[in-house]
Amino acid sequence: MTANTHPSRSFRRHPGAAIVALAAATALLAGCSSSSDKSDDPLAGEKASGGTVVVGSNNFPESILIADIYGEALKAKGIKVSYKPNIGSRETTYGLLKNGTISVLPEYNGALLAYLDPKATPKTVEATTAAIEAKLDSKLTLLKPASAQNKDSVTVNKETADKYKLTAASSIADLKSVAKDLVIGGSPEFQTRQQGLVGLKSVYGLEFKTFKALDAGGPLTLAALKKNTVQAADVFTTDASITKEKFVVLQDTKNLFGFENVQPLVHKSALNQKGSDALDAVSAKLDTKTLLDLDIQVQSENKDPLDVAKAWLKTAGLG
């Protein structure tokens, strides 16, 4: 990944959106933790026993949802599973994986690589995985990545999309002749980083009318885009607001924003081949559109992520 330095991605940020707020995460955790096999304390240090695979998640809704998908897919293969949801920073989760307290964690390949090797700039998903494997602790490994990504994007509002005939098939490059008339919004850092205005100019040749400093794909950015205070903005690609507000995410055909594929990170000794195959099967069917649809159910429709995970696995033939 082209070193994703997004400040909110210290543990691979949110995504859903700004994720959303601590209250939302707390509410989701409460719903998630109601399951009898979920640990009350995500940082409890005891290791799994009796062949149990411990699936962890970070403290944002999408990570909890994906962890539930992983766990239920493993259960469908007869594997005993317990959960440690809502863990905090990557420093914490990485340490818990290394010492075997957790067995499986949903990761985002670009952000994980940026944590392990900030200077790496792989050009393909395969090269990203290889670069991570070269830096991983020897007790850990990555399984196959999903095509689903949650990454920075240039997203336009419906008014702008209609005006310039932009669709989900349109590229960031399609803004070249009109960027001069558009205000773009994002975090303050977006103005000065390569994965921001600097790269949009050098890679795509875009020069916008002005830049409006907002937040990291959060409520300020979304509100400004909705009100047309900005016509384009950095919005994360599985943000539920994209569908709700009919925003249009432009294709990053030159891969300015790198890779953020969902990818299982596992402790080698904790997962057998049957378990690895089950998670690879999940990755084979989890694309960005599907992940966005599932996020909407959890974040906008307030469904229990465990129920959403089970329903999708059944529909996908994996439950």
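Where is Trp312 found? Trp312 sits in helix 12; helices here are DSSP runs of H or I with at least four residues, strands are E runs of at least two, and both are numbered from the N terminus. Please keep in mind that this is a predicted model, in which local features need pLDDT of at least 70 and side-chain atom pairs count only at pLDDT 80 or more, while totals for chains, interfaces and linings use all residues. Residues are numbered from 1 along each chain as its sequence is written, and side-chain values use heavy atoms, with hydrogens and water left out.

Let's stay with Trp312 for a moment. Its relative accessible area is 11%, so Trp312 counts as buried (under 20%, against over 50% for exposed and partly exposed in between, with a 1.4 Å probe and protein chains only). Its contacts (heavy atoms within 4.5 Å) include Ile69, Val282 and Leu294. Leu286 is also touched, and its C-alpha atom lies 9.9 Å from that of Trp312, though the two are 26 residues apart along the chain.

Now to the largest nonpolar core, which has 36 residues; such a core is a set of buried Ala, Val, Leu, Ile, Met, Phe, Trp, Tyr and Cys residues joined through side-chain atoms within 4.5 Å. Val55, Leu74 and Val262 have the most contacts inside this core. Among the elements giving two or more residues are strand 1 (53-58), helix 2 (61-75) and helix 12 (305-315), and helix 2 gives the most, with seven. Apart from this core lies another, of 22 residues, including Val154 and Phe208.

Key:
Lists of a residue's contacts leave out its neighbours within four places in sequence.
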